[in-house]
Amino acid sequence: MQKISVLLFLAWVSFLFYAGIALFTSGFLLTRWELTNHSSCQEPPGPGALPWGGRGEPGACWMASRFSRLVLVVIDALRFDFAQPQRSPVSGEPPVSLPFLGKMGFLQRLLESQPHHARLYQAKADPPTTTMQRLKALTTGSLPTFVDAGSNFASSAIVEDNLIKQLSSTGRRVVFMGDETWNDLFPGVFSQALFFPSFNVRDLETVDNGIMKHLYPTMDSDEWDVLITHFLGVDHCGHKHDPYHPEMAKKLTQMDKMIQGLVKRLKNDTLLVVTGDHGMTISGNHGGESELETSAALFLYSPRALFPSAPAEEPEIIPQISLVPTLALLLGLPIPFGNIGEVIAEVFSEIEDSQPRFSALAQASALHLNAQQVSRFLHTYSATAQDLQVQELHRLQKLFSKASADYQRLLQSPQGAEAVLQTVIPELQQFLRGVRAMCIESWARFSLSFLLLHLLAAGIPITTPGPFTVPWHAVFAWALMATQTFYTTGHQPVFSAIQWHAAFVGVSESRDFTWLSAFLVGANTFASHILFAVGCPLLLLWPFLCENQGSQKRRQPPGNEAEARVRPEEEQEPRMEMRLRDAPHHFSAALLQLGLKYLFVLGIQILACVLAASILRRHLLVWKVFAPKFIFEAMGFIVSSVGLCLGIALVMRVDGAVSSWFRQLVLTQQKAGEQSSLVCTGAGSSARKAQPHLLPPCSQDLLASGTSLFYNSRS
């Protein structure tokens, strides 16, 4: 068998597995079409009159703006309980003492002293809880795709309609300070920008101190309409230490003082929003969908009254993407086209009017605009893609039609308005929440196409190439050792357990080596897969070792020379690597067989992950456990298959070099044998007459010499 044919055949089988992985990935991981449509003030979201006379005039788009300025403070990984005070779980008992509780006391003082101006929410983020995914959701109002988690440190520009582009298109001056990820997502949009690198998680101060240096001078100037800051110290402190470390208390105290300075500088026409993009685990990591990872703080404050009543004892839990339509309508912007979030209704109450009816009507108007925008998105999306559930889509459209008709009847006949309002608002909220649930359900399509390709690849016949057969249990043991090494070196198949510190091994912190750092993290994570795959051809020594042990057991003790002379062939039989010289084609076939066996075992592992993810696709922890496990196994298979091909190519290259040298050695020995043939002829005649079955003494010496040279060269 030609050596190049072996490599090509292994590459083809690997491609079958790659195709299966790609098919399953496209059907299992959360996916959706990204629409490039954009909302505009000139195009209302639906038929009917716009509330409060909004007709595309400046400051009165779909809805008249309530604020002309916005300060958006993103504190990376600001978990909800980081903004909570220390409270006693039971009356009369001392409060629970945790290093991070009560460090943002200024927020609590605002909530108590100005209950109509401030509100704290628990914002639930959608997994995956990585920064780039959450920033997309916080600006577009859409659900992030799970596949995008891999590009967390190589973000691409957002093509969907979003708040930042809407602000820029209406002439608002947007100033940004902080995480450089925003520059990748929104290139060339900001009127002023100060970007800081975000990859060095061991640096707790550079980004935050850099923002603080320019924050207050920018606030005092009149060169901005929207000011966005993205602090990274809390997130980096979690990665470097954990939430319970004293450094976390220091960072939260710093953030609390920063917010206090902002509030002192706010004007009546300015809205302050403080939010975390996600939370963090007890070890300080994030990326999954655990309660601590998806729980983020959201704080709203306005110098003028914004809320009709005091906050509830327990903060309300809202989806994080609810911030997008809320900010859009408060700032007099159209809601981004692909938004599926629900407005925070209570911020649209008529505070100046003492009648509850007008506050409820204002809330219904905001919800109706939001529902019209979402309905328009569903109509456009369903015409582009066919992955929404048809029956559920029809049910939701009927619900929206009924709610919209009730809302129009409410505007036309004020009689019985209170009773109609009691049904319109719940209907609109039910529609918006049903759409979000349907999108989460529909954008996770499952396919078992991988199983078919796996069976196709597994059905490829594997021949038995003579003496070089590696038993199945040896291949299984080798693959299990690779998996065991993955876990024993501290790795786990979850994103939060990735050892990011490997990115800085041998890399200067003062320089930017993003690709090198990414390579180091990947090499550290999949080191066991690489080493065992490259070393897999060494398993061909398995039968030789067994044979050598068996021959040693059969060897007779010294002194039994008569029986040894009876079976001289057993003593002279070439063992170990000498078999390669007797049947080189068997060796190439053995490499192919070993490669196919190893790929089959790795494919079994992926198939198990696929079946688990398919059967448990509606399980609560599907994105926490099964999706990351599948991604790690798929990446491990790709790395292992490439390493296997490289290892086999290396063994073939070495074997080819040794074979060439051995042929030269044989030619040299043959020339030497011809020169001494005259001497050997006489001795050989005498020897054959005495013992015909033995070689002449000279030939035995030549063979022993060649064999010795060969073994020395191999070693």
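This is a short tour of the structure, stop by stop.

**The whole chain**

Start with everything shown. The model is predicted. The protein has 715 residues, and 50% of them count as buried. Colour by secondary structure: there are 25 helices and 8 strands. Take the contacts between residues at least 6 apart in sequence: 77% of these join residues at least 24 apart.

**The sheet**

Select the strands next. In what order do the 8 strands lie? The order is S4-S3-S5-S1-S6-S7-S2-S8, in an open sheet with mixed pairing. Go to the edges: S4 and S8 (317-319) each pair on one side only. Look along the sheet for the twist, which averages 20° from one strand to the next.

Now keep S1 and S5 on screen. They run parallel and are joined by 6 bridges. Pick Ile75 and look across to S5: Phe231 stands opposite.

Add helix H10, residues 323-330. This helix lies across S1, S6 (270-275) and S7 (295-301). Against S6, H10 runs at about 170°.

**Helix H6**

Select residues 206-220, which make up H6. Where does H6 bend? The bend is at His214, by about 30°. Pro217 follows within four residues of that point.

Show the side chains of the buried residues of H6. Among them are Val207, Ile211, Leu215, Tyr216 and Met219. Asp208 and Thr218 are also on the buried list. What do the buried residues of H6 pack against? The partners include four strands to display: S1 (69-75), S3 (174-179), S4 (192-196) and S5 (226-231). Helices H7 (233-240) and H8 (246-265) are partners as well.

Stay on Tyr216, one of the buried residues of H6. The charged end of Arg265 sits over the Tyr216 ring, 4.1 Å from its centre.

**Aromatic rings**

Select the aromatic side chains. The count comes to 19 aromatic pairs. Zoom in on Phe100 and Tyr244. Their ring centres are 5.6 Å apart and their planes stand at 55°, so the pair is tilted. Trace the chain from each ring: Phe100 is in the loop between S1 and H2 (105-113), whereas Tyr244 is in the loop between H7 and H8. The two residues are 144 residues apart, so this pair links distant parts of the chain.

Is each ring buried or exposed? Phe100 is buried, at 1% relative accessible area. Tyr244 counts as partly exposed, at 36%.

Now move to Phe186 and Phe190. This aromatic pair is edge-to-face, with 6.4 Å from centre to centre and 80° between the planes. Phe186 is buried, with a relative accessible area of 1%. Phe190 also counts as buried, at 12%. Widen the selection to Phe176, Trp182 and Phe195: ring pairs link these three with Phe186 and Phe190 into a cluster.

Go back to Phe100 and add Arg79. Arg79 lies over the face of the Phe100 ring, 5.2 Å from the ring centre.

**Last stop: Pro628**

Select residues 622-675, which form helix H23. Pro628 lies in this helix. Pro628 is buried, because its relative accessible area is 3%, and buried means under 20%. Which residue should you select with Pro628? Choose Gly288, 340 residues away along the chain. The C-alpha atoms of Pro628 and Gly288 are separated by 8.5 Å.

Notes. Residues are numbered from 1 along each chain as its sequence is written. This is a predicted model: local features need pLDDT of at least 70, side-chain atom pairs count only at pLDDT 80 or more; totals for chains, interfaces and linings use all residues. Side-chain values use heavy atoms; hydrogens and water are left out. The bend at a residue is the angle between axes fitted to the seven residues ending there and the seven starting there. Buried means under 20% relative accessible area, exposed over 50%, partly exposed in between (1.4 Å probe, protein chains only). Contact means heavy atoms within 4.5 Å. Rings of Phe, Tyr and Trp (its six-membered ring) pair if their centres lie within 6.5 Å; planes under 30 degrees apart count as stacked, over 60 as edge-to-face and the rest as tilted. A charge sits over a ring if NZ of Lys or CZ of Arg is within 6 Å of the ring centre and within 35 degrees of the ring normal. Two strands pair if DSSP finds at least two bridges between them. Axes are lines fitted to C-alpha atoms, for helices over the stretch in contact, and angles run from 0 to 180 degrees between N-to-C directions.
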